[in-house]
Amino acid sequence: MVLKWITALAMLSFALPVAAQNVADAPIVIAHRGASGDRPEHTLAAYELAIDQGADYIEPDFVSTKDLVLIARHENELSGTTDVAAREEFEDRRREKMIDGQLVAGWFAEDFTLEEIRTLRAKERIPSIRPANVAFDGLYQIPTFDEIVKLLRAKEAETGRRIGFYPELKHPNFMLQDAGIDMVDLLVRDLRAADLDDADDLVFVQNFEVGPLQRLNRLTDVKLIQLIKPSGGPADEPSMEYADMATPTGLAEIAKYADGIGANVRSLLNDDLTPTSLVADARALGLDVHAWTLRAENGMLPPQLQRSSLRPSDPGNYQPLWRALIAAGVDGVFTDNVREYAELSGR
């Protein structure tokens, strides 16, 4: 097995020269939470830098405020990415909530108005991996849906190119059950208001749950992506498993309401970086395949690509992973490190 992996990795190292890909043929580069490797995630600064670095799409995750405004955070719990825990005026907002089977303690977006959210500032989520990003802690506000769209359109005017929008709703089933907030309705409202709800718009909407995508399929014409994980199942469908959804039969069901899947790299590549059958099975049904998440730091790479001589925060041996995904035939990649992967695409 070790010899097989070494041989496969060596072949991949020479199969595709760096920056030799034709841009038109390369997978789309999706800026995962913005240029998260270079700025605190889900800030206007991260999205703008990602566009400047060559991203085809920016990917904001959305949660809702108490007064029904969509704001960009990876989770509705705020202390991991903002300074809320240091704000004495909000100490009494600390709660414990059961979210998708996990007990989470902290401060939650749905308990704050937008005016209160405006007082918070973003911070780096993983400072041990991205110590340079700590220098930007406290500089940026939490952006709204409308502010992100305005930035996108301003950058389109500046660059002369179309830039895609790839939103994800976070925990929509929980939000509906716990707070009575219908995230699907809010997203449809905002997409329509921004004139981003047509089939020819550069928009993908993604979700790990099934019901929200099925509703969106009825309410809008944008492309939809069913996210799947290597384990577990959708929070809104307790009897379903992602492993079953990734089979040809499961993919056929997904194809009834979605245009593609977003899959973890571990589901798309074997340990020796050869492709699994998932891409071919999905493509046979007309589904796009987007891989998540490519990162350049040594400590964030798959174990077989990590180098013991490097620190976790050092740039690692990320090129073979990109080449393996191209060889597997994926249509797009989510990445925190837009510059590195855009350069590999010749952008």
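Helices (H or I, at least four residues) and strands (E, at least two) are DSSP runs, numbered from the N terminus. The model is predicted: local features need pLDDT of at least 70, side-chain atom pairs count only at pLDDT 80 or more, and totals for chains, interfaces and linings use all residues. Residues are numbered from 1 along each chain as its sequence is written, and side-chain values use heavy atoms, with hydrogens and water left out.

**Exercise 1. Place strand β10 among its partners.**

Step 1. Find the strand. β10 spans residues 223-228.

Step 2. Check its cover. Five of the six residues are buried, that is, under 20% relative accessible area (exposed is over 50%, partly exposed in between; 1.4 Å probe, protein chains only).

Step 3. Take one partner. β9 (residues 204-207) pairs with β10 in the parallel sense, over four bridges. Pairing requires at least two DSSP bridges between two strands. Asn207 has Gln226 of β10 as its bridge partner.

Step 4. Take another partner. β11 (residues 260-264) runs parallel to β10 and is joined to it by four bridges. Here Ile228 is bridged to Ala263 of β11.

Step 5. Add the helix. β9, α7 (residues 211-219) and β10 form a right-handed β-α-β unit. With the strands pointing away from the viewer, the path from the first strand over the helix to the second runs clockwise.

**Exercise 2. Describe the setting of Ser64.**

Step 1. Locate Ser64. The residue belongs to strand β3 (residues 61-64).

Step 2. Read its exposure. Ser64 has a relative accessible area of 0%, so it is buried.

Step 3. List contacts (heavy atoms within 4.5 Å). Beyond neighbours within four places in sequence, Ser64 touches residues including Val69, Leu70, Glu110 and Met183.

**Exercise 3. Characterise the two largest pockets.**

Step 1. Fix the term. On a 1 Å grid over the protein atoms alone, a pocket is an open set of points where a 1.4 Å probe fits, with protein on both sides within 12 Å along at least five of seven lines; lining residues have an atom within 4 Å of a point.

Step 2. Treat the largest pocket. Its volume is about 600 Å³. Of its 33 lining residues, Glu75, Glu168, Lys170, Phe208 and Lys229 are closest to the centre. β6 (102-106), β8 (168-169), β9 and β12 (288-294) each supply at least two lining residues.

Step 3. Treat the second largest pocket. Its volume is about 310 Å³. The lining has 16 residues, with Asn264, Val265, Arg266, Leu301 and Pro302 nearest the centre. α10 (265-268) and β12 each supply at least two of the lining residues.

Terms used:
Grid points are joined across faces, edges and corners, and a volume is the space filled by probe spheres set on the points.
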